[in-house]
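Hi everyone, thanks for making time for this. Please bring up the sequence and the structure, and we'll walk through them together.

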Amino acid sequence: LTQSKKAEALRGAPLFEGLSKKELLEVARVTEDLHVPADTVLCKEDTLGREFFVIVEGTIDVTRGGKHIATRGAGDFVGEIALLTSARRTASVTAATPVRCLILMRGDFRRVLDENRSIERKVMDVLAERLAEYAADSAI
């Protein structure tokens, strides 16, 4: 994908919804375009995470403790906790269909944040909301 197409895909992820076109291009610059076949495990529960995924095409299944908890598709994202901490994954993610996704590594993401504090502020606001939702869901 071109940087512009990556930026468009990133815009669809709620994590980046508040970013300007210029800011999206900064993040897009450090993402990689990845194609994976169905049944590929993108991340495994209880392992250390270093990457974040934005689904461009296809669907993924999210499981915790072997139980299905969500199906996500184009525009959705997973792995945001790994961008901030070296905590273990809270769920496993497997490609349900062939998937095209963007992958953003924690080190690259942190460099972008260090270089642009407005991106950092906007992303942290969305992450805080997402983590609060997760906490509420896990309390049920």
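Let's start with who builds the wall of the largest pocket. Three elements each supply at least two residues of its lining: strand S4, residues 60–64, strand S5, residues 67–72, and helix H4, residues 117–138. Please keep in mind throughout that this is a predicted model. Which element gives the largest share of that lining? That would be H4, with six residues.

In total, 24 residues line the largest pocket. If you'd like to find its centre on your screen, look for Arg64, Arg72, Thr90, Arg130 and Tyr134, which lie nearest to it. The space in this pocket comes to about 540 Å³. As for chemistry, the lining divides into 13 nonpolar residues, eight charged ones and three polar ones. For anyone new to this kind of analysis, rolling a probe the size of a water molecule over the atoms shows where empty space is left.

Now let's stay with two of those lining elements, S4 and S5. They pair with each other in the antiparallel sense, over five bridges. One residue we've just met turns up again here: Arg64 has Lys67 in S5 as its bridge partner. Between the two strands of this hairpin there are two residues, and Gly65 takes a positive phi near 60°.

S4 has another neighbour too. Strand S7, residues 92–95, runs antiparallel to S4, and four bridges join them. To see that pairing, find Ile60 and look across to its bridge partner in S7, Ala95.

S7 in turn pairs with S2, again in the antiparallel sense, this time over two bridges. Here, Val41 has Thr94 in S7 as its bridge partner.

Put those pairings together and what do you get? An open sheet of four strands in the order S2-S7-S4-S5, with antiparallel pairing. Its edge strands are S2, residues 41–43, and S5, each pairing on one side only. From one strand to the next, the twist averages 30°. And a general reminder as you turn the sheet around: in a regular strand the side chains alternate between the two faces of the sheet.

Let's move on to the other sheet I'd like to show you. In which order do its four strands run? They form an open sheet in the order S1-S8-S3-S6, and the pairing is antiparallel. At the edges are S1 and strand S6, residues 77–78, each of which pairs on one side only.

Strand S8, residues 99–105, is a good one to follow here. S8 pairs with S3 in the antiparallel sense over six bridges. Along that pairing, Phe53 stands opposite Ile103, and Ile55 has Cys101 as its bridge partner. S8 also pairs with S1, antiparallel and over five bridges, and there His35 stands opposite Arg100. So is S8 buried or enclosed only in part? Six of its seven residues are buried, so S8 is largely enclosed by the rest of the structure.

Cys101 brings us to the cysteines. How many disulfides does a search of the whole structure find? Zero. Cys43 is in no disulfide, and the nearest cysteine sulfur, that of Cys101, is 10 Å away. Why no bond for Cys101? Because its closest cysteine sulfur, in Cys43, is 10 Å off, which is too far. Both residues count as buried: Cys43 has 7% relative accessibility, and Cys101 has 0%.

Last stop: two loop residues with backbone angles to look at. Asp39 is not a glycine, yet it has a positive phi of about 75°. You'll find Asp39 in the loop between strand S1, residues 32–36, and S2. Is Asp39 buried or exposed? It is exposed, with a relative accessible area of 65%.

The second one is Asp46, where phi is near 75°, again a positive value in a residue other than glycine. Asp46 sits in the loop between S2 and strand S3, residues 51–57.

That's the tour. Thanks for listening, and I'm happy to go back to any part of it.

Terms used: Residues are numbered from 1 along each chain as its sequence is written. This is a predicted model: local features need pLDDT of at least 70, side-chain atom pairs count only at pLDDT 80 or more; totals for chains, interfaces and linings use all residues. Side-chain values use heavy atoms; hydrogens and water are left out. On a 1 Å grid over the protein atoms alone, a cavity is a set of points where a 1.4 Å probe fits but cannot get out, and a pocket is an open set with protein on both sides within 12 Å along at least five of seven lines; lining residues have an atom within 4 Å of a point. Grid points are joined across faces, edges and corners, and a volume is the space filled by probe spheres set on the points. Ala, Val, Leu, Ile, Met, Phe, Trp, Tyr, Cys and Pro count as nonpolar, Asp, Glu, Lys and Arg as charged, and the others, Gly among them, as polar. Two strands pair if DSSP finds at least two bridges between them. Axes are lines fitted to C-alpha atoms, for helices over the stretch in contact, and angles run from 0 to 180 degrees between N-to-C directions. A disulfide is a pair of cysteine sulfur atoms within 2.5 Å. Buried means under 20% relative accessible area, exposed over 50%, partly exposed in between (1.4 Å probe, protein chains only).
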